[in-house]
Amino acid sequence: EHGPDYMPALLVYQGSITGWNHIVVVYVNKQPKLYLNGTLVRTGLTSPKTYVHPGLRDSYGIGGMNYGYFNGLIDEVRIYNRALLSSEIQQHYLSQAPGPVAYWKLDEGEGTTAYDNSGNGNNGTLKNGPTWQSSSNCISGSCLSFDTSAWKYIEVPDSSSTDTRTNLTLEAWIYPRGSGGSEGVSTILVSGGNGYYLSFSDSSN
């Protein structure tokens, strides 16, 4: 979570990750749970805030913004306005399932737009040149490579379709390749204003 002068880590997990990993954070009644490759690995603290939601104002980014940038590959990013069940998360890890309010397949393979495949029009704009990768490097279709050389990310305008209150799910496939920046933080998905902040520390992955 983060907001003006507010950025506590409600959930911290220490472990090593290499290669492609399926990462999911689920909020149930304002309490986050972290799933790694289909398995629940950590339950965090309950948020003291009245609401927990992915977008309140401003834009949000895939691959990082002000607090650290991701160095590696990202594919199949989704946001749900409900808390996924553990069985659904396992299904996503093994295959795919419908229902997100924002879904960036990142299969375009060219251009500067990452289209939202949920039907809600949450299209993103590639900033500072994240590079498209061929299918041999990705989970499904194309994917995007990010690094810290020019603060590369995808900017997505705020949308009412992603507004929720206490239950939500953030999901992506990630392939870390190095340090995310001077702060030692690799950001996968972050909202502007008061909202979520999904990242990992490079010191412990």
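Start by selecting D116, which is buried yet has no salt bridge. The nearest side chain of opposite charge belongs to R78, 9.7 Å away. Keep in mind as you look around that this is a predicted model.

**Stop 1: around D116**

Where does D116 sit along the chain? Follow the backbone and you will find D116 in the loop between β9 (113-114) and β10 (124-127). Next, show the atoms around its side chain. The side chain of D116 reaches the backbone nitrogen of Y103 at 2.8 Å. It also makes a polar contact with the side chain of S118, at 2.8 Å. Now widen the selection: leaving aside neighbours within four places in sequence, D116 is in contact with V101, A102, Y103, W104, G121, N122 and N123.

**Stop 2: the nonpolar cores**

In soluble globular proteins, nonpolar side chains tend to be buried together. To see this here, select I74, W104, L106, I154 and I174. Of the 28 residues in the largest nonpolar core, these five touch the most other members. Colour the strands next: β1 (21-28), together with β2 (31-36), β7 (72-80), β8 (102-104), β12 (143-146), β13 (153-157) and β14 (168-176), each supply at least two residues of this core. Which strand gives the most? That is β14, with four residues. Then select Y35, Y80, L84 and I89, which are among the six residues of a second, separate core.

**Stop 3: the salt bridges**

How many salt bridges does a search of the whole structure find? There are three, and you can visit each in turn.

- Select E88 and R82: they form a salt bridge, with the closest N and O atoms 3.0 Å apart. R82 is partly exposed, with a relative accessible area of 30%.
- Select E155 and K127: the closest N and O atoms of this salt bridge are 3.7 Å apart. E155 lies in strand β13 and K127 in strand β10, so the pair ties together parts that are 28 residues apart in sequence. E155 is partly exposed at 25% relative accessible area, and K127 is partly exposed at 28%.
- Select D147 and K152: here the closest N and O atoms of the salt bridge are 3.1 Å apart. D147 is partly exposed, with a relative accessible area of 22%, whereas K152 is buried at 11%.

**Stop 4: two asparagines with positive phi**

Most residues other than glycine have a negative phi. Select N29, in the loop between β1 and β2. Although N29 is not a glycine, it has a positive phi of about 50°. Is N29 buried or exposed? N29 is exposed, with a relative accessible area of 55%.

Move on to N37, in the loop between β2 and β3 (39-43). N37 is not a glycine, and it has a positive phi of about 55°. N37 counts as partly exposed, at 22% relative accessibility.

**Stop 5: Q14**

Select Q14, in the segment before β1. Q14 is exposed, with a relative accessible area of 66%. Add R42 to the selection: the two residues are 28 apart along the chain, and their C-alpha atoms are separated by 9.5 Å.

**Last stop: the whole protein**

Zoom out and show the cartoon. The protein has one helix and 16 strands. Of its 205 residues, 50% count as buried. The protein exposes about 9,000 Å², and carbon and sulfur atoms supply 45% of it. Among the contacts with a separation of 6 or more, 65% come from residues 24 or more positions apart.

Notes: Residues numbered from 1 in each chain as written. Predicted model: local features only at pLDDT ≥ 70, side-chain atom pairs only at ≥ 80, totals over all residues. Heavy atoms only, no water. Buried < 20%, exposed > 50% of the residue type's maximum accessible area, 1.4 Å probe, protein only. Core = buried A, V, L, I, M, F, W, Y, C linked by side-chain atoms within 4.5 Å. Lys, Arg positive; Asp, Glu negative; His and termini not counted. Salt bridge = Lys/Arg side-chain N within 4 Å of Asp/Glu carboxyl O. Polar contact = N/O pair within 3.5 Å; in protein donor to acceptor, adjacent residues only side chain to side chain. Contact = heavy atoms within 4.5 Å. Areas by Shrake-Rupley, 256 points an atom, 1.4 Å probe, with all protein chains shown as cover.
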